[in-house]
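Visitor: I would like a close look at one part of this model, with the rest brought in where it touches that part. Please keep to what can be computed from the atoms.

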Amino acid sequence: MHVPVFKASLVKAVFRDVTPLHVSRSAARAAASVTQTVLTGIVDGARRAAEEEARKKLLPKDLVTAIGRDVELEVGEIWYRHSPTFKGLTGVVYDAEGVAVQAPKRSRSRKPSAMVGAHRFEAGIRKLLRHRGTAAVPAMLRDLDGLASVFLTDLARDAALVVREGGITRFGTVTLTMPGEPTETRPSVPESVPALPTCTKGGRTIDRNDVLAATMIQLFGDIRQRALATAREATETDAEG
């Protein structure tokens, strides 16, 4: 069963941090479902890593192993630069002029951010861990909180962008080519793009379809398909009503 672990009120609070747009009930449920699906994938990957060492309690190194084994689970990149777990693993970041970019300092602003508000997810993360039959040490719990907060914040920003821009198709796609092959200058559109939902409330409200479109931006592969499927299932009642 897909038992919700993140409250709609929490999701709407995160959306309010990044956009003044109204968030519908179905959008909040969809965003909560997508975030839960991603975190479930991360927890399950970490749990498998722990089981290999005959442990039930998850450690930060299990998180690193899970992400290293499945690139689809690499979400919330900003958290990697913030958490001690990933220190030294992400390498040095350089800007366009080749100058090393220093890690951002913690902001003292009173306005909530993905970092400051990460603790809000602790209750949901603990509930998710119980549902998956495992537990985590405090450092691992902190990382899961942070990843959930950053991912949902990114999802909210993209959903707001979809509303403002009137859809996702204008962004085009990225085509991978082998060295020596000619580069395709005309953007290619995969089969899934034309079917992507767009905003439906005249640019004033983030609805379920906008969250689904944002999910297409944030995720790829099997985790994307699972997230879309669970989000649609979680909001079927709202859609029918």
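Visitor: Which residue follows α6, and is its phi positive or negative?

Guide: The residue after α6 is Gly166, and its phi is positive, near 75 degrees. Bear in mind that this is a predicted model.

The setting comes first, then the helix itself. The protein has nine helices and four strands. Read from the N terminus, the order of elements is α-β-α-β-α-α-α-β-α-β-α-α-α. The chain has 241 residues, and 44% of them count as buried. When contacts between residues at least 6 apart in sequence are taken, 72% of them join residues at least 24 apart.

Helix α6 covers residues 138-165. With 28 residues at 1.5 Å a residue, α6 should span 40 Å, and the C-alpha atoms at its ends are indeed 40 Å apart, so expectation and model agree. Of these 28 residues, 21 are buried, which means that α6 is largely enclosed by the rest of the structure.

Two residues of α6 show how its surroundings can be read. Leu147 is part of α6. Its relative accessibility is 0%, so Leu147 counts as buried. Leaving aside residues up to four places away in sequence, Leu147 touches Ile42, Leu63, Val75, Gly76, Trp79 and Tyr80. Val38 is 109 residues from Leu147 along the chain, yet their C-alpha atoms are separated by 9.6 Å. Leu161 also belongs to α6. At 23% relative accessibility, Leu161 counts as partly exposed, because the buried class ends at 20%. The C-alpha atom of Leu161 is 8.4 Å from that of Ala214, a residue 53 places away along the chain.

Next, the packing of α6 against a neighbouring helix. In general, two packed helices are described by the angle between their axes and the distance between the axes. For α5 (residues 122-131) and α6, the angle is about 115 degrees and the axes are 9 Å apart. The roughly perpendicular class runs from 65 to 115 degrees, and α5 and α6 are therefore described as roughly perpendicular to each other. Their crossing is right-handed. On the α5 side, the contact is made by Glu122, Ile125, Arg126 and Leu129, and on the α6 side by Leu141, Leu144, Asp145 and Ala148. By class, the residues of this contact are five nonpolar, three charged and no polar.

Helix α6 is also reached from another helix. Thr215 is found in α7, which covers residues 208-218. Residues up to four places away in sequence set aside, Thr215 touches Leu155 as well as Val34, Arg224, Ala227 and Leu228. Leu155 falls within the residue range 138-165 of α6, and Val34 falls within the range 25-51 of α2. Thr215 has a relative accessibility of 0%, so this residue counts as buried.

That leads to α2. Among the contacts of Leu147 is Ile42, and the range of α2, residues 25-51, takes in that position. Helix α2 packs against α1 (residues 8-18) at an angle of about 95 degrees, with the axes 9 Å apart. The pair α1 and α2 is therefore roughly perpendicular. Ala8, Val11, Lys12 and Phe15 of α1 meet Arg25, Ala28, Ala31 and Ala32 of α2. The residues of that contact divide into six nonpolar, two charged and no polar.

Within α2 sits Gln36. At 6% relative accessibility, Gln36 counts as buried. The C-alpha atoms of Gln36 and Pro4 are separated by 7.7 Å, although the two residues are 32 apart along the chain.

One last position concerns phi again. Ala54 lies in the loop between α2 and β2 (57-58). Ala54 is not a glycine, but its phi is positive, about 55 degrees. Ala54 has 74% relative accessibility and so counts as exposed. The positive phi after α6, in contrast, is at a glycine, Gly166.

How values were computed. Residues numbered from 1 in each chain as written. Predicted model: local features only at pLDDT ≥ 70, side-chain atom pairs only at ≥ 80, totals over all residues. Heavy atoms only, no water. Axes fitted to C-alpha atoms, helices over the stretch in contact; angles between N-to-C directions. Helix = DSSP H or I, 4+ residues; strand = E, 2+ residues; numbered from the N terminus. Parallel < 35°, antiparallel > 145°, perpendicular 65-115°, else oblique. Left-handed = near helix turned anticlockwise from the far one by under 90°. Contact = heavy atoms within 4.5 Å. Nonpolar A, V, L, I, M, F, W, Y, C, P; charged D, E, K, R; others polar. Expected span 1.5 Å × (residues − 1). Buried < 20%, exposed > 50% of the residue type's maximum accessible area, 1.4 Å probe, protein only.
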